[in-house]
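Take a moment to look over the whole chain before turning to its details. The paragraphs below are meant to be read with the structure open beside them.

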Amino acid sequence: MDSAGANDLNNVINWRVRLAFVVLMMLAVLTITVTNRLLTDRFTESTRSRAELRLALYSGNLLADLRQNAIVPQLLGRDPTLINALQSANYSLSTQRLISFVEEIGAASLMLFDIDGRTVAATDRNRLGSAHKSEAYFVDAVRSNATIFSVIQQAPGGYRFFYSRRIQDGGTTIGVIAVEVDLQKFQRAWAGISDAVIVTDSTGQIVLATEPRWRGLTEEVALANQTPQSAIERAIQATTDWSALAPDAYLRGEAVMRMSARVNFRGWRMASYTTYASVREKVNGVLALEVMGFAILLALSFYALSRRTAGKAALFQRESAELRALNVALQREIAERKRVQETLAVAEQTLEQSSKLAALGEMSAAVSHELNQPLAAMKTYLAGARLLLRRNRQEEALSSFGRIDDLIERMGAITRQLKSYARKGQEVFSPVNMGDALASSLSMMEPQLRQRQVQITRILPEAPVQVMGDRMRIEQVLVNLLRNALDATQSERAPLVEIILSAGETATLTVRDNGPGIEDLDALFEPFYTTKRPGDGVGLGLAISSGIVNDLGGRLTARNGQQGGAVFEVQLPIYENDSTTKAAE
């Protein structure tokens, strides 16, 4: 391989490598972008659905616990042991009584106050003797006939929740029973997940929160004052560069997903803040697999290209050696062919002479075949005229002589046609009425039809069908087709020939018989192909007819009918004169 060929090869390979690399990179960027968008939306929606489900579960558990503790004061307010203790001021067994209840109820603590607000029994013995006369859960309970719910804020930012109800004896208030609800357990349970959860009362203040600093504040203030050391802040730091997600809320400028739900209790609401960390992890995992897949594909592509380049270089080297050897052989072959061409010129002259003789023989056979039809008809008409003259029917005999004269004219036209074979391009066509040409052909075949008693069925359109061509040659085609149909029905008891003329985009004439059909369709139009007995035909009729139809710009086809017999179709271009065109418009 020369240096120029090697350089061209390297340029082509480098260009293909660059193009493949660019296409692969564009495909990788497009795939990763679309995957990022689709998976982000999908996983975000999944995370949002899980957050909604978690929030509904949290609010349901909170509401169920509140309602469960709400009926405890009403039940304990009717306890005979506690009522007797308040009446007799004997509280030795009251504390133990409350302790037995608190484990079953699941409350934080139970306290029994006398009418002066002093703690006379409590599950927490450290509270015995403490005064609660000014506390809201004591004052409101004494004043109300129903169970009172109280939220007591503590100094460090926490809250205590109480249900309280007065205890009466004969319409006289003798004490108050208070149940402290343990809602801190929910805060501890919520703190174990990545979400931040808050519960606000009807005034918007946070009474429960996984972040202790948020309690006692409003949601806006809590989010603005949250320090970066909090759990929620650390959780959302991983999403600082995840700009594809649509945030529901912001915490110190960082996006989080906020979900809220109403707790069906005193106007309370619950909200959760979910980070996008899980979404990012899942999407990044899929994107990492895609990037790795494209990297492997790129590596395999470069490996395949390198192997292909090496193979082509080796192939070009082998081809160069082969070309040099072929060049030497070609020079020897050129010298040999010069000698062969001289011999071939002599052989061609001999072959040309043989071709002329073969063409002359084929032409002679064709003329003999075409003249057989008129000669047979003339023989029949002469026999008929001789019989008519014997019977002194001269007018009918003259009619037969007139037909013989027409046949002689036709034979002259056939012989004149031999001259046109040398100048086919100069033939002048004229409009031909296919119906008239068919009638003339049937008239020529009348003696044979009458002798054979063949039933002829003609289906012709009302309007004349005209084509551009040579009427004599068209009649020649039709006579050959009718003759073939007669020969094909020789063995039939009721011979039938059906002729259909139709006009559409082309003029189509169909000749169908009820004979045995065609055995070899491929060789049907070959010269000298015949299925007749020796002496009945030379096998040139269909070959000549096919050539005539082709010269007229049409097509002659043959097939076997569905119900038996042979079907021949002649298709010729329709001739439309100016008056016909205007009428159609």
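What follows moves from the protein as a whole to its aromatic pairs, then to a surface patch and a pair of strands.

The model shown here is predicted, and in it the protein has 15 helices and 17 strands. Of its 585 residues, 38% are buried, while the area that the protein exposes comes to about 33700 Å², with carbon and sulfur atoms supplying 53% of it. Among the contacts with a separation of 6 or more, 61% are between residues 24 or more positions apart.

Aromatic rings offer a good way into the interior. A pair of aromatic rings is described by the distance of the centres and the angle of the planes. In this protein there are twelve aromatic pairs, one of which joins Phe113 and Tyr137: this pair is stacked, with 6.1 Å from centre to centre and 25 degrees between the planes. Because Phe113 belongs to strand S1 (residues 109–114) and Tyr137 to helix H5 (residues 136–143), the pair ties together parts that are 24 residues apart in sequence. Both Phe113 and Tyr137 are buried.

Another pair is made by Phe149 and Phe265, whose ring centres are 5.0 Å apart and whose planes stand at 85 degrees, so this pair is edge-to-face. Phe149 sits in strand S3 (residues 148–153) and Phe265 in the loop between strand S9 (254–262) and strand S10 (269–274), so that the pair links parts 116 residues apart in sequence. Are these two residues buried or exposed? Phe149 has a relative accessible area of 9% and is therefore buried, and Phe265, at 12% relative accessibility, counts as buried as well. Phe149 and Phe265 also belong to one aromatic cluster together with Phe161, Tyr163 and Trp268.

Turning to the surface, we find a nonpolar patch of about 450 Å², made by Phe21, Val22, Met25, Met26 and Phe302. Helix H1 (residues 3–70) contributes the largest share of this patch, namely four residues. Phe21 lies in helix H1, and because its relative accessibility is 35%, between the cut-offs of 20% and 50%, Phe21 counts as partly exposed.

Finally, consider strand S13 (residues 466–469), along which the side chains alternate: Val467 and Gly469 point to one face and are buried, whereas Gln466 and Met468 point to the other face and are not. Strand S13 pairs with strand S11 (residues 430–433) in the antiparallel sense, over four bridges, and Pro431 stands opposite Met468 in S13.

Terms used: Residues are numbered from 1 along each chain as its sequence is written. This is a predicted model: local features need pLDDT of at least 70, side-chain atom pairs count only at pLDDT 80 or more; totals for chains, interfaces and linings use all residues. Side-chain values use heavy atoms; hydrogens and water are left out. Buried means under 20% relative accessible area, exposed over 50%, partly exposed in between (1.4 Å probe, protein chains only). Helices (H or I, at least four residues) and strands (E, at least two) are DSSP runs, numbered from the N terminus. Two strands pair if DSSP finds at least two bridges between them. Patches are made of residues with over 30% relative accessible area and no salt bridge: like charges are joined within 9 Å, nonpolar side chains (Val, Leu, Ile, Met, Phe, Trp, Tyr) within 5 Å. Accessible areas come from the Shrake-Rupley method with a 1.4 Å probe; for residues, only the protein chains shown count as cover. A salt bridge is a side-chain nitrogen of Lys or Arg within 4 Å of a carboxyl oxygen of Asp or Glu. Contact means heavy atoms within 4.5 Å. Rings of Phe, Tyr and Trp (its six-membered ring) pair if their centres lie within 6.5 Å; planes under 30 degrees apart count as stacked, over 60 as edge-to-face and the rest as tilted.
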